[in-house]
Amino acid sequence: MGYLLPTEYVQYGLTAETTDDLVSTASAMMEAHCRRPSLMATQYTERLRITAGAQTVRLSYRPLIATAGSTSPLFSVRVRYGRPRRGEQPDPFREQIASAFSVPGSWTALDVAAVDVNATNGELTFPQNFLGLSYNEAEVTYTSGFVTIPVAIKVACAQVVKNAQAIPAMNVKSSKVEALRMEYFSGVLIDAQVQALLRPYVAERLG
């Protein structure tokens with residue numbers, strides 16, 4: 001989908017003759033730059049390692065958003081306590097407790113209401129294990145993106161289109177735009193201004 005409606009073309013500095021396929025291709029390029037399938041509300045599942053001694057992780061896609069009828073952007077959270085990884089200093093006493101209860105390697109579903117969520121930076125803080133053990137892996141299913149497209153994304157989309165129209169070799173005014181041709185000029189189309197507008201939405205890791 002395009003992040004600008006035809007009725008918004010003129011409002012954001014484009015001509016009324018701008019073709020929909022150009023806006024759609026520009027939108028797809030923005031998604032590729034942000035390393036995500038869509039900037040609209042989308043559900044993701046990530047498996048994350050938790051730093052030894054910590055109870056927090058940071059999700060890749062932001063901002064987090066609660067879907068209709070939900071009070072949390074989290075759909076489900078599973079955690080597990082595993083055997084210490086190479087380089088970690090295990091607590092022998094806690095290791096014995098964990099082994100006695102057959103904890104290592106087993107997944108535990110957490111109540112999403114018990115997980116502290118920072119929707120802006122995507123950081124989650126987990127509650128303490130009932131045995132006092134720290135988790136070292138989590139699997140989180142959550143929703144990130146927008147229900148209503150923010151102005152910054154619309155401005156970025158319009159700027160990509162303007163950049164394409166300003167390149168003579170693109171010849172976008174007289175022929176149907178080709179995605180491969182747009183990709184060839186991606187370094188110019190996704191300029192510093194566009195990158196700055198999209199920076200808050202770029203995924204920190206692929207997952």
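**View 1. Strands β2 and β6 run side by side in opposite senses.** In this predicted model, β2 teams up with β6, the strand made of residues 123-125. Their pairing is antiparallel and is held to 3 bridges. Want a spot to find your bearings? Look for Val57, which sits opposite Leu124 of β6.

**View 2. Zoom out a little and you get an open sheet of 3 strands.** Reading across the sheet, the order is β2-β6-β5, and the pairing is antiparallel. So which strands stand at the edges? They are β2 (56-58) and β5 (116-118). Each of these two has a single partner strand, so one of its sides has no neighbour in the sheet. As for the twist, neighbouring strands here are turned against each other by 15 degrees on average, if you ignore direction.

**View 3. Here is the protein chain with its helices and strands.** How many of each are there? The count is 6 helices and 7 strands. Follow the chain along its sequence and you meet them in the pattern α-β-β-β-α-β-β-β-β-α-α-α-α.

**View 4. Now for the inside and the outside of the protein chain.** The chain has 207 residues, and 44% of them count as buried. On the outside, about 11100 Å² is exposed, with carbon and sulfur atoms supplying 54% of that area. Contacts also link parts of the chain that are well separated in sequence: taking contacts with a separation of 6 or more, 77% are between residues 24 or more positions apart.

Notes: Residues are numbered from 1 along each chain as its sequence is written. This is a predicted model: local features need pLDDT of at least 70, side-chain atom pairs count only at pLDDT 80 or more; totals for chains, interfaces and linings use all residues. Side-chain values use heavy atoms; hydrogens and water are left out. Two strands pair if DSSP finds at least two bridges between them. Helices (H or I, at least four residues) and strands (E, at least two) are DSSP runs, numbered from the N terminus. Axes are lines fitted to C-alpha atoms, for helices over the stretch in contact, and angles run from 0 to 180 degrees between N-to-C directions. Buried means under 20% relative accessible area, exposed over 50%, partly exposed in between (1.4 Å probe, protein chains only). Contact means heavy atoms within 4.5 Å. Accessible areas come from the Shrake-Rupley method with a 1.4 Å probe; for residues, only the protein chains shown count as cover.
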